[in-house]
Amino acid sequence: MSSLPPSSDSLSAEQALPATKNKSKKLLLVLLAPLALAGCQVPSFGGYKGVTKTANSTFHLWQGFNLAAIVVGGITLAVMAWAIFAYRAKKGDGSIPKQTQYHIPLEVTYTVIPILVVVGLFVATVVVENQVVADPTPSATINVTAFQWGWKFTYPGTKAVVVGQTTASPIMVMPVNQDVRINLVSSDVIHGFYIPEFNFSRFAQPGMVNTFTFHANKTGLYSAQCSQLCGLYHSLMYFRVDVVSPSQYQAWISSKNASTSARTAIAANGAIVIQDNPGIPVIPSHSNGAQ
Ligand SMILES: [Cu+2]
């Protein structure tokens, strides 16, 4: 049986194949170019990278959601554009194009892929949320009381107390690379305990303690503030978080123990009266005993 020479049709199909491959390669390069230009780094999409373990995880989740949205949105737009331009009505051609329906493989594909995307994002969210609400045995504990309009930080088992309000932001000192448990409550109205660099916010509520754990992985002084409109001086309700080495933290606790002993008499009524900055007028106690 003699072999037949290839038909002109099959030749043109073979010639067309490399051209299609080249087109796909070019399209892939165009899509990946922004990432390559950005040094292969995934953009932050306006989020904080964070300085705690859970802040990092939350940040990566934020990046993942944004990337998923870009990929899904990009593919959707590309398919729409292809349909719009490739099948647009030709001038003078009033005929209706071929109608297609019940394409089972296509319908299964566009049902299964979104389900997989949603399940993937859901699982990633649950994993990160479990990290955020985890309750490991802490190395240090800080009781935080929010009040109109300031913050009080006490360290159980020590005499360290930090209070600040309106014109002076108090500083919450905590050790780096250790689990630090925070017990958060309010002595009057609902406040918001928000630390942007920790990617973390929780309500401080009267009569209910919110407990969570931080594990900072970078030393530094970080801004924080009340994020819940809580009254006249809400806008002045700032505080800062000072993440220090464990030895510096212990030294700070020791110095507070020593200095607080000398001021015990001032706090004899147990209310919020100790001021780190003696120049700040003391607001009469707003405590209702919830501390
Ligand atoms: Cu507030």
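These exercises work through a predicted model.

**Exercise 1. The open sheet**

Task: In what order do the strands of the open sheet run, and which are the edge strands?

Solution:
- Step 1. The open sheet is formed by 5 strands, in the order S3-S2-S1-S5-S8.
- Step 2. Its pairing is mixed.
- Step 3. Strand S3 (161-165) and strand S8 (210-214) are the edge strands, since each pairs on one side only.
- Step 4. From one strand to the next, the twist averages 20°.

**Exercise 2. Strand S1 and strand S5**

Task: Find how many bridges join S1 to S5, and state whether the two run parallel or antiparallel.

Solution:
- Step 1. Take strand S1 at residues 140-147 and strand S5 at residues 180-186.
- Step 2. They are joined by 7 bridges and run parallel.
- Step 3. For a check on the register, look at Ala-146: Ser-186 in S5 stands opposite.

**Exercise 3. The hairpin of S6 and S7**

Task: Describe the pairing of S6 with S7, then find which residue of the hairpin takes a positive phi.

Solution:
- Step 1. Strand S6 covers residues 191-195 and strand S7 covers residues 200-204.
- Step 2. The two run antiparallel, with 5 bridges between them.
- Step 3. His-191 has Ala-204 in S7 as its bridge partner.
- Step 4. The hairpin has 4 residues between the strands.
- Step 5. Asn-199 takes the positive phi, near 50°.

**Exercise 4. The largest nonpolar core**

Task: Which element gives the largest share of the largest nonpolar core, and what does Met-174 touch?

Solution:
- Step 1. The core has 35 residues.
- Step 2. Those with the most contacts inside it are Ile-142, Val-144, Ala-146, Met-172, Met-174 and Val-241.
- Step 3. Elements giving two or more residues include S1, strand S4 (171-175), strand S9 (220-226) and strand S10 (238-244).
- Step 4. S1 gives the largest share, 5 residues.
- Step 5. Leaving out residues up to four places away in sequence, Met-174 touches Ala-140, Ile-142, Val-180, Phe-214, Ala-216, Val-241, Val-243 and Tyr-249.

**Exercise 5. Helix H2 against helix H3**

Task: At what angle do H2 and H3 pack, and how do the residues of their contact divide into nonpolar, polar and charged?

Solution:
- Step 1. Helix H2 (residues 53-86) packs against helix H3 (residues 104-132) at about 170°, with the axes 9 Å apart.
- Step 2. Angles over 145 degrees count as roughly antiparallel, so H2 is roughly antiparallel to H3.
- Step 3. From H2, the contact includes Leu-61, Gly-64, Phe-65 and Ala-68. From H3, it includes Val-117, Leu-121, Ala-124 and Val-128.
- Step 4. The contact divides into 9 nonpolar residues, 6 polar and no charged.

Conventions:
Residues are numbered from 1 along each chain as its sequence is written. This is a predicted model: local features need pLDDT of at least 70, side-chain atom pairs count only at pLDDT 80 or more; totals for chains, interfaces and linings use all residues. Two strands pair if DSSP finds at least two bridges between them. Axes are lines fitted to C-alpha atoms, for helices over the stretch in contact, and angles run from 0 to 180 degrees between N-to-C directions. A nonpolar core is a set of buried Ala, Val, Leu, Ile, Met, Phe, Trp, Tyr and Cys residues joined through C-beta atoms within 7 Å. A residue is buried if 20 or more other C-beta atoms lie within 10 Å of its own, exposed if 12 or fewer, and partly exposed in between; C-beta atoms are placed from the backbone. Two residues are in contact if their C-beta atoms, placed from the backbone, lie within 7 Å. Angles under 35 degrees count as roughly parallel, over 145 as roughly antiparallel, 65 to 115 as roughly perpendicular and the rest as oblique. Ala, Val, Leu, Ile, Met, Phe, Trp, Tyr, Cys and Pro count as nonpolar, Asp, Glu, Lys and Arg as charged, and the others, Gly among them, as polar.
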